[in-house]
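User: Hi! I have just opened my first multi-chain model and would love some help reading it. Could we go through it step by step?

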Amino acid sequence: MEFVSPEGLRLDGRRPMEMRQIRAEIGAVSKADGSAVFEMGNTKVIAAVYGPRELQNRSQQISSQALVRCEYSMANFSTGDRMRKSKGDRRSTEISLVIRQTMEACILTHLMPRSQIDIYVQVLQADGGTRSACINAATLALADAGIPMCDLVTSCSAGYLNTTPLLDLNYVEDSAGGPDVTLGILPKLDKVTLLQMDSKLPIDILENVMQLAIEGCKAIAKYIREVLLENTKQLEYRRGV
Amino acid sequence: MEKIKKRMGLPNASEDLSSEMEVDAFRRLFPLRYFERHLAESIRPDGRPLMKARETSIFLGAVASANGSALVKIGSTTMLTAIKMEVMTPSLESPDEGCIAIDFHMPPICSPIVRPGRPAEASPVVSKQLSDTISSSKMIDLKELSLVSGKAAWMAYLDVYCLDADGALFDAALLSAVAALSHLQIPAVAMNDDGRIIIMSDEEGQKQEPVNKEKRKLTLKSILFSLTCILHKNYILVDPTSEEESIMETHVTIVLDTSGQLISFYKPGGSVLAYTAAIQDCVAISRQRVQELKSILENSAMEVE
Amino acid sequence: MAGKGGTTPATYSPSPATAKKKPPHLKEDWLRPDGRGFHQCRPAFFRTGAVNAASGSAYAEFGNTKVIVSVFGPRESKKAMLYNDTGRLNCNVSLTTFATPVRGQGLDHKEYTAMLHKALEGAIIVESFPKTTVDVFALVLESSGSDLPVIISCASLALADAGIMMYDLVASVSVSCLSKNLVIDPILEEENCQDGSLMIACMPSRYEITQLTVTGEWSTPKINEGMQLCLDACAKLAKIMRLCLKEAASDSQE
Amino acid sequence: MIRIGSLEAIIPWNTFRCFFLNSLNFPFPTKRPCRSFQLWSRLPARITQSLLLHSHLGENGINRLRDTKSNSILALPLLLISLIICECCRLTQLLVSLSHEPRFPSPAVHPLSRLWSGSLPSHDPSLPRLILGSKVVFFPRLTLISLQGMVSLSLEEKHFIKGGIAQDLRCDGRKRLTCRPIYVETEVIPQANGSARVRMGATDVISSVKAELGKPSSSHPDRGKVFINIDCSSTAEPAFEGRGGEELSAELSISLQRCLLGGKSGAGAGIDLSSLVITEGKLCWDLYIDGLVVSSDGNLLDALGAAIKAALSNTGIPRVQVAAGASSDEQPEVDISDEEFLQFDTSGVPVIVTLTKVGKHYIVDATSEEESQMSAAVSISVNRQGHICGITKRGGAGLDPSIILDMISVAKHVSEQLMNKLDSEIASAEAEEES
Amino acid sequence: MEINRPDGRTPNQLRPLACSRSVLHRAHGSASWAQGETKVLAAVYGPKAGTKKNENPEKASIEVIWKPKTGQIGKAERESEMILKKTLESICIRTIYPNTTTSIIVQVVHDDGALLPCAINAACAALVDAGIPLKHLAVAVCCSVTDSGGIILDPTKHEEENMKAFAYLVFPNAIVTVLPERSLQVSGESIAHGIITSVTQGAMSVDDYLHCLDRGRAASARLSEFLRKNIEPKPTSEASKAG
């Protein structure tokens with residue numbers, strides 16, 4: 001199947017290095033301590049953060065740092081075919097773990113010992129790149145909740161199809177079976193916190209693809225920063241400062 | 001049977017009433033010694049002699065909507081069995097054999113230790129024992145369950161529900177399963193044009209020839225009965241209650257059929273070893289019990305008719 | 001599984017050859033399949049103390065609907081809970097595999113479980129057993145219409161048998177709406193072609209409704225009529241239940 | 001001790017609280033953070049602290065406590081907590097200096113006292129703030145979900161809620177029978193055949209309708225099938241994590257089925273099931289209605305009912321051509337049109353009105369705090385003709401039959417307003433979508 | 001009565017036995033036991049503190065986890081677990097470490113008949129390897145009754161399927177027991193003659209069963225000898241670990 005046309009356009013009309021439109025909104029769940037909606041094209045996720053708060057299960061208490069937990073779930077209607085999925089299938093357990101580890105790496109957990117932070121991500125629509133979208137949404141929600149973090153993690157995926165590196169794969173491109181690199185970085189510190197890849201890819205091309213993903217992450221980081229600043233301004237305005 | 005003592009009277013009623021509380025406390029605190037004191041007198045706390053089984057009753061046809069059913073009570077242990085016949089396509093290896101699926105359930109109502117959501121430890125074990133015993137005894141000829149060779153055969157779902165668990169679960173379960181099998185009435189069926197089996201109704205019985213004209217009841221080649229005994233020191237206690245089972249842990253279950261064959265001698269561990277003499281004693285008691293159960297089953301079948 | 005090992009083949013239960021008839025109630029002068037009047041309940045049979053292993057139990061039989069309920073407790077709560085000065089009521093309803101016309105899986109019935117809990121919680125004095133749990137487990141031996149009302153009535157009797165403090169017995173009755181007629185205590189055949197149903201669980205002596213569900217389209221006067229019908233039947237049912245308890249008590253005294 | 005990071009590392013109340021209590025190893029007096037602080041959790045730390053200390057320990061803080069009994073109800077726990085914080089972080093000095101900064105409008109008239117006396121200025125009650133002059137004052141809203149998944153309120157708060165309802169002035173300024181404003185958005189899930197999002201205050205639900213080809217059941221060959229399934233997302237409440245939301249989900253699904261699908265014979269269903277049939281006995285549409293609770297603040301059933309109604313009116317089902325000449329026992333071949341869609345007639349879909357009984361009175365559209373105080377709740381689904389399409393009761397307390405009949409007549413009245421409001425919202429949402 | 005066995009064994013001949021101890025390094029004790037093609041691996045962990053809810057806390061409790069070669073754990077596995085648990089409980093001195101749990105994990109490596117006896121032997125060897133105090137050893141043997149009434153020992157899977165009936169028998173082995181001498185005789189029979197566990201399947205006459213017992217007892221002596229030889233303390237360092 002041809003994923004990049006001779007004119008250099010992808011199936012949805014993007015150029016190889018073009019990202020889908022991203023949109024973020026802070027405060028979608030008013031009862032949560034922090035929440036955000038993040039959209040990448042047709043992929044839409046909601047993240048809500050509760051905490052830091054008292055531990056639910058005393059036995060899990062860590063005396064030196066906060067316990068970070070994450071649950072990923074997909075709405076029944078999120079995929080093209082309606083499917084009835086129970087919570088906690090293998091795929092969602094794995095993604096929960098990935099998100100948890102990525103977020104834990106940037107939260108200053110040692111500042112909040114003996115407490116717990118819950119991150120809940122709910123996928124409303126899945127069209128490729130749910131992992132990245134979830135991480136971006138979780139970052140925003142954590143910032144909204146005011147959890148101290150060393151940097152804003154952002155994530156983006158990139159792939160390699162028809163000998164072209166492609167940024168931000170959608171579902172069709174993702175399911176083509178080609179390599180799919182999901183990357184999470186701390187943009188200010190310039191560090192990689194998450195790198196996942198399936199299928200195989202020559203090592204020299206991996207560098208190109210990764211570079212592309214890093215660019216994508218940075219672009220998202222820029223956008224997220226803007227959204228946060230705008231949100232803070234709004235709050236200050238409402239305070240009448 | 002020198003060991004079978006004559007039935008003794010109830011524990012002395014003239015015992016000092018003021019010590020009644022103490023007896024109860026003694027029973028709870030030192031259950032084993034409490035029992036041993038009784039055993040020394042050749043009597044059990046519920047007034048039975050060691051070798052006497054509890055009162056047993058069988059009621060056939062307890063579930064109206066099932067093809068065969070039976071309600072069995074041994075003491076307060078209650079079992080309800082129902083058989084529902086469904087049609088299946090037989091497997092290629094045995095095109096003219098039907099199938100029996102036996103399952104034993106312990107719903108939460110039967111005992112305080114069963115909680116909803118997780119099955120009791122005993123239920124898969126009894127379930128396996130039941131299906132092993134019934135299938136290995138060759139009591140039922142699976143060929144009788146065939147309808148149209150290679151096309152359709154009966155699948156008999158036999159479900160045993162324990163309604164009240166008070167010891168000797170396997171005995172009661174087997175008895176109720178056997179009673180339900182003896183009560184089983186196979187409906188007259190015919191095959192329609194689509195190759196599906198349909199029930200013949202009385203009004204249009206003439207239209208089609210039933211495919212199972214003769215096979216309306218299972219012939220049970222032999223009938224199985226079982227007896228559980230507790231071995232404790234040199235004593236043999238027949239048909240234990242759940243309290244006795246929990247205190248004395250060596251249980252022996254013997255299954256005999258009406259022709260006197262030994263179908264199962266089941267002794268899962270236990271601290272008391274079974275020697276030849278004890279084995280022979282147990283078999284002899286079981287033989288008596290088989291006769292007893294056989295007449296109870298026959299009587300209940302007569303009552304139904 | 002006995003017989004041949006391996007995968008269990010798909011089975012079906014053979015259906016009668018006769019074609020489906022039109023629901024009978026569409027005719028002008030239909031009678032109920034079991035010959036009862038529209039406002040006549042099935043004869044109710046109750047017995048307490050059906051299960052020796054339980055703290056309290058009851059067996060109920062309404063026609064072919066047969067239910068056993070066991071009550072355990074008050075006993076230690078299974079879940080580690082925060083301190084609570086009231087008790088907890090835990091319910092569970094399950095069906096035998098042969099209860100329904102089509103062989104089921106014998107699973108827990110979540111809907112009935114939730115409804116039973118709601119119907120009973122208002123009647124039990126939970127303050128009388130702080131920090132502990134009372135378990136009410138029901139098993140439907142045979143299902144033949146109006147299952148839930150039978151379970152609820154039977155459960156309240158089992159609770160009384162177990163000596164759990166209650167404000168009043170809970171009696172429950174349902175009515176089905178079949179075109180223009182209201183039919184009380186419907187059997188399975190009637191339930192399968194009903195246009196609507198109304199179920200009430202109430203404490204007759206206190207004249208309070210603890211649970212009420214309505215399905216289907218009802219006009220206000222019809223709801224009034226249906227509720228009145230149920231409430232009257234509940235009062236009668238409670239009398240039978242009381243009688244059963246009295247008999248059990250006098251038996252035990254003897 | 002306090003590390004205030006970059007702008008991203010805002011330290012709001014919750015974090016703040018953890019710092020201090022942990023540094024002191026001090027057991028927090030209540031199991032949950034006090035609700036008023038929640039308000040400021042979105043603000044930078046500097047402002048949070050100043051506001052917190054100023055508004056409750058400032059000139060009027062202590063006075064109020066002494067002056068009017070009513071205000072002390074809320075002021076007391078706040079004061080206590082503030083004092084603890086002052087104590088632990090030794091911010092007393094800061095407190096003094098901050099309290100003189102004229103940042104906050106004169107709190108002479110505390111919004112709460114206004115509420116209490118019933119002279120609340122009319123405004124959108126769902127918003128958590130009041131506008132007094134040019135400045136913004138935060139309205140002390142009663143939020144906060146307890147950690148155990150149940151709203152655990154202090155005794156004073158319970159009295160406050162109940163008292164408000166008794167006086168026909170609820171915490172957010174509504175009357176007993178006033179609903180929160182309802183916002184409808186349609187076409188939120190493009191992959192579905194129809195979808196809608198409904199918000200009522202902080203309750204936020206999404207409903208989607210997907211149609212799949214299926215085979216009618218043998219007992220009703222002339223009808224399609226409808227499945228309703230509700231999911232409670234853990235984003236709405238941490239207690240829904242894992243299998244925690246299943247019980248509520250099942251309850252909501254069953255209640256909605258009861259309210260929307262009518263009796264077993266199909267009479268009284270909100271959706272005309274016979275319109276879903278393509279070939280009798282062979283082919284029909286199966287409608288899968290999925291609901292998702294994204295954020296919960298009470299009255300989920302009504303919101304889900306409204307969302308399903310909106311989603312159904314937004315649903316287009318492709319027109320299907322059945323290839324003629326298919327033999328009787330085979331599945332007929334079908335041709336699903338990409339362009340032509342059939343719209344549903346949703347005028348028959350009922351709306352659900354839940355009347356929650358708190359104390360002696362009952363209210364509509366309860367928030368989760370109010371629901372925590374309920375003794376019983378009756379959900380009544382009413383269609384346009386004013387007929388009852390289903391009733392579900394929740395809560396254990398018994399109700400007198402006459403009260404239930406009374407509730408039914410009230411529900412009928414309320415449902416009319418709700419139905420009209422919903423219809424106009426759906427119409428405007430669809431108009432917006434088209435433009 | 002001459003019975004021809006496919007593998008040319010005489011009726012009383014067992015298949016070649018193999019046993020090795022301490023095959024797993026992380027387990028507290030382990031053993032593998034093979035009878036011909038049938039092979040089972042057992043590992044022992046414990047005793048660790050605490051017992052399960054329904055167990056008697058005044059005694060040490062034993063937990064058996066049966067891992068089938070393939071497939072999921074079903075009723076048959078649950079039954080095996082229960083038989084193994086009760087059998088092992090009866091040979092352990094359970095009063096020494098009250099309120100503890102010893103876990104025995106039994107992994108079926110290959111099933112070629114007489115699986116349960118093989119598992120019991122493996123578990124027993126593993127218990128010795130872990131140094132769990134035992135009253136005596138247990139040896140398990142499978143006897144099958146042929147249609148003609150003959151008895152063969154240790155059948156293969158193929159033989160098991162074609163037999164009329166078979167019995168799994170577990171006997172104690174107490175040659176070097178610490179119990180006083182007179183207790184070795186119970187009502188005129190040697191303690192090694194009592195059965196700990198018996199599981200039978202298929203119909204047989206009572207006499208057949210008693211014959212099985214006799215043949216089983218004879219075979220159990222051979223098995224015990226083999227078991228003892230294999231679990232005898234090796235060099236002293238090994239012994240101190242086991243003891």
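User: In chain B, what share of the contacts with a separation of 6 or more comes from residues 24 or more positions apart?

Analyst: Good place to begin, and keep in mind that this is a predicted model. Chain B has 305 residues, and 50% of them count as buried. It contains 6 helices and 12 strands. Among its contacts with a separation of 6 or more, the share from residues 24 or more positions apart is 70%.

User: Which strands are the edge strands of the open sheet in chain B?

Analyst: In this sheet 4 strands pair antiparallel, in the order β10-β9-β11-β12. Neighbouring strands are turned by 20° against each other on average, direction ignored. An edge strand pairs on one side only, and in chain B that description fits β10 (235-238) and β12 (262-266).

User: Which residue is the bridge partner of B:His232 in β10(B)?

Analyst: Let's look at one pair of strands from that sheet. Strand β9 (residues 224-232) of chain B is joined to β10(B) by 4 bridges, and the two run antiparallel. Within β10(B), the partner of B:His232 is B:Tyr235.

User: How far apart are the end C-alpha atoms of residues 226-285 of chain B?

Analyst: Those residues form one part of a UniProt annotation (unreviewed entry), "domain: Exoribonuclease phosphorolytic", which also covers residues 53-187 of chain B. Over residues 53-187, the chain is 22% helix and 35% strand, with end C-alpha atoms 36 Å apart. The span 226-285 is 27% helix and 38% strand, and its end C-alpha atoms are separated by 11 Å.

User: Now for chain D: what percentage of residues 348-412 is strand?

Analyst: Chain D as a whole has 12 helices and 14 strands. Of its 435 residues, 47% count as buried, and residues 24 or more positions apart make up 69% of its contacts with a separation of 6 or more. UniProt (unreviewed entry) places "domain: Exoribonuclease phosphorolytic" at residues 179-318 and 348-412 of this chain. In the span 348-412, the end C-alpha atoms lie 15 Å apart, helix makes up 26%, and strand makes up 40%.

User: Which element gives the most to the side of chain D that touches chain C?

Analyst: The contact takes 27 residues from chain D and 34 residues from chain C. On the chain D side, α9 (246-260), β14 (388-394) and α12 (401-434) each supply at least two residues. That side divides into 12 nonpolar, 9 polar and 6 charged residues. With 7 residues, the element that gives the most is β14(D).

User: Which residue in β14(D) is the bridge partner of C:Thr213?

Analyst: Here the pairing crosses from one chain to another: strand β11 (residues 208-218) of chain C and β14(D) run antiparallel, joined by 4 bridges. In general, strands of a sheet pair through backbone hydrogen bonds. For C:Thr213, the partner in β14(D) is D:Thr392.

User: Which helix supplies the largest share of the largest nonpolar core?

Analyst: Nonpolar side chains tend to be buried together in soluble globular proteins. In this model, the largest nonpolar core has 398 residues, and A:Ala47, A:Ala137, C:Val136 and C:Ile151 touch the most other members. Leaving aside neighbours within four places in sequence, A:Ala137 is in contact with residues including A:Phe38, A:Ile46 and A:Val121. The largest share of the core, 13 residues, comes from chain E, from helix α2 (residues 115-130).

Key
Residues are numbered from 1 along each chain as its sequence is written. Chains are lettered from A and ligands numbered from 1 in the order in which they are written. This is a predicted model: local features need pLDDT of at least 70, side-chain atom pairs count only at pLDDT 80 or more; totals for chains, interfaces and linings use all residues. UniProt positions are given in the numbering used here, feature names are shortened, and annotations may be inferred rather than shown by experiment. Two residues are in contact if their C-beta atoms, placed from the backbone, lie within 7 Å. Ala, Val, Leu, Ile, Met, Phe, Trp, Tyr, Cys and Pro count as nonpolar, Asp, Glu, Lys and Arg as charged, and the others, Gly among them, as polar. Two strands pair if DSSP finds at least two bridges between them. A nonpolar core is a set of buried Ala, Val, Leu, Ile, Met, Phe, Trp, Tyr and Cys residues joined through C-beta atoms within 7 Å. A residue is buried if 20 or more other C-beta atoms lie within 10 Å of its own, exposed if 12 or fewer, and partly exposed in between; C-beta atoms are placed from the backbone. Axes are lines fitted to C-alpha atoms, for helices over the stretch in contact, and angles run from 0 to 180 degrees between N-to-C directions.
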